[in-house]
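Biologist: Before we settle on any labels, could you take me through this structure and tell me what each label rests on?

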Amino acid sequence: AREVVARFLGNHPEGGWLDPTTAAELLGHYAFPVSPWAWASDEAEAVQAAERLAGADGAVVMKAYWPGLVHKSALGAVVLDLRGPEQVRAAYGDLTRRFGDHMTGVVVQPLAGRGTELFAGVVQDAVFGPLVLFGLGGTATEVLTDHAARLAPLTDVDVRELMRSPRCAPLVFGHRGGGPLDVPGLEQVLLRLSRMACDLPELAEMDFNPVLARAESVVVVDARVRLR
Ligand code: ADP
Ligand code: MG
């Protein structure tokens with residue numbers, strides 16, 4: 001992980017957001033449960049990636065990427081539920097027409113099944129250092145801010161308190177007959193974020209939004225990492 005950080009900062013001395021490939025490499029060193037994904041920089045690569053990654057129902061997701069892109073879906077840069085090579089080609093063509101001047105390629109992922117959209121991340125506090133955040137996720141999080149925070153490193157007690165703190169906690173632990181989500185899987189994500197933040201002082205901020213959580217598994221479908 002330190003080697004990935006040193007390489008990125010060697011090329012970007014002022015720091016910045018990691019591209020998808022570098023982010024995936026760094027997150028891989030901490031074994032986060034990230035969605036399978038592939039990078040494609042033309043239509044043929046996108047079709048190949050889709051064939052390889054299609055989920056059980058044959059569907060994939062395509063996300064345009066260019067350096068500095070932050071809120072993809074707000075710009076219409078996320079296309080969900082593509083089935084078959086024709087739809088994949090059409091979506092790639094459409095993204096190229098709309099964003100071609102900036103777009104360097106796309107990320108292809110399997111369409112993940114239903115789940116509860118949660119948020120997990122790290123920010124740096126000027127006084128206290130790294131904080132681990134947890135709360136409600138999805139594209140509405142900016143309006144419905146519902147996050148709790150604990151100082152890193154998190155103990156086993158901290159991680160449980162952190163997960164009980166946001167208003168969305170009943171969604172995680174079960175309410176109205178809905179059983180709990182994968183609490184051990186979420187705890188593991190938060191503990192690994194804590195570990196990563198403590199290992200890497202160059203980590204300026206990162207967020208997983210959403211972490212899709214279900215009763216038996218969690219998967220990170222969108223990850224952003226900024227180094228300094
Ligand atoms: P951004 O946050 O930059 O707008 P995301 O990658 O988070 O883009 O995608 C926006 C939304 O699309 C997510 O909140 C989620 O609801 C949905 N989404 C993204 N990737 C997947 C996926 N692989 N499977 C299912 N839904 C997805
Ligand atoms: Mg997102």
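**Reasons behind the labels**

Modeller: A good place to begin is Tyr-65, which stands opposite Gly-105 in strand β5; please keep in mind throughout that this is a predicted model.

Biologist: How do you know that strand β3 pairs with β5?

Modeller: Pairing asks for at least two bridges between the strands, and six bridges join β3 (residues 59–65) to β5. The two strands are therefore called paired, and they run antiparallel.

Biologist: And what makes β2 a partner of β5?

Modeller: Three bridges join β2 (residues 38–40) to β5, again in the antiparallel sense, and Ala-40 is the residue that stands opposite Val-106 in β5. Set against the minimum of two bridges, this too counts as a pair.

Biologist: Why is strand β5 called largely enclosed?

Modeller: Because six of the six residues of β5 (residues 105–110) are buried, the strand is largely enclosed by the rest of the structure. Gly-105, Val-107 and Gln-109 point one way, while Val-106, Val-108 and Pro-110 point the other way, and all of them are buried.

Biologist: What makes the two faces of β11 covered or uncovered, and which residues lie on each?

Modeller: In a regular strand, side chains alternate between the two faces of the sheet. In β11 (residues 223–227), Ala-223, Val-225 and Leu-227 form the covered face, whereas Arg-224 and Arg-226 form the uncovered one.

Biologist: How do you know which strands β11 pairs with?

Modeller: Five bridges join β9 to β11, which run antiparallel, and Met-206 stands opposite Val-225 there. Strand β1 (residues 16–17) pairs with β11 over two bridges, also in the antiparallel sense, with Gly-16 opposite Leu-227; since at least two bridges are asked for, this count meets the requirement.

Biologist: Why is Val-4 called partly exposed?

Modeller: Val-4, which has its place in helix α1 (residues 2–11), has 18 C-beta neighbours inside 10 Å. A buried residue needs 20 or more and an exposed one has 12 or fewer, so Val-4 falls in between and counts as partly exposed.

Biologist: What is Val-4 in contact with, leaving aside its neighbours within four places in sequence?

Modeller: Val-4 is in contact with Thr-22, Glu-25 and Leu-26. Val-4 and Leu-26 are 22 residues apart in sequence, yet 6.4 Å apart in space from C-alpha to C-alpha.

Biologist: Which residues of the largest nonpolar core touch the most other members?

Modeller: That core has 44 residues, and Ala-120, Val-132, Leu-190 and Val-211 touch the most other members. A second, separate core of 19 residues includes Val-60, Leu-82, Ala-91 and Tyr-92.

Biologist: How do you know where one domain ends and the other begins?

Modeller: The bounds come from a domain assignment, which gives domain 1 as 2–33 + 114–227 and domain 2 as 38–110. Their centres, taken over C-alpha atoms, are 24 Å apart, and five residues of domain 1 are in contact with six residues of domain 2.

Biologist: What makes you say that both domains contribute to the shell around ligand 1?

Modeller: The shell draws at least three residues from each of domain 1 and domain 2. In total 19 residues surround ligand 1, and the closest are Lys-72, Ser-73, Ala-112, Val-221 and Asp-222. By class, the shell has eight nonpolar, seven polar and four charged residues.

Notes:
Residues are numbered from 1 along each chain as its sequence is written. Chains are lettered from A and ligands numbered from 1 in the order in which they are written. This is a predicted model: local features need pLDDT of at least 70, side-chain atom pairs count only at pLDDT 80 or more; totals for chains, interfaces and linings use all residues. Helices (H or I, at least four residues) and strands (E, at least two) are DSSP runs, numbered from the N terminus. A nonpolar core is a set of buried Ala, Val, Leu, Ile, Met, Phe, Trp, Tyr and Cys residues joined through C-beta atoms within 7 Å. Domain bounds come from an automatic or database domain assignment. Two residues are in contact if their C-beta atoms, placed from the backbone, lie within 7 Å. A residue is near a molecule or strand if its C-beta atom, placed from the backbone, lies within 6 Å of it. Ala, Val, Leu, Ile, Met, Phe, Trp, Tyr, Cys and Pro count as nonpolar, Asp, Glu, Lys and Arg as charged, and the others, Gly among them, as polar.
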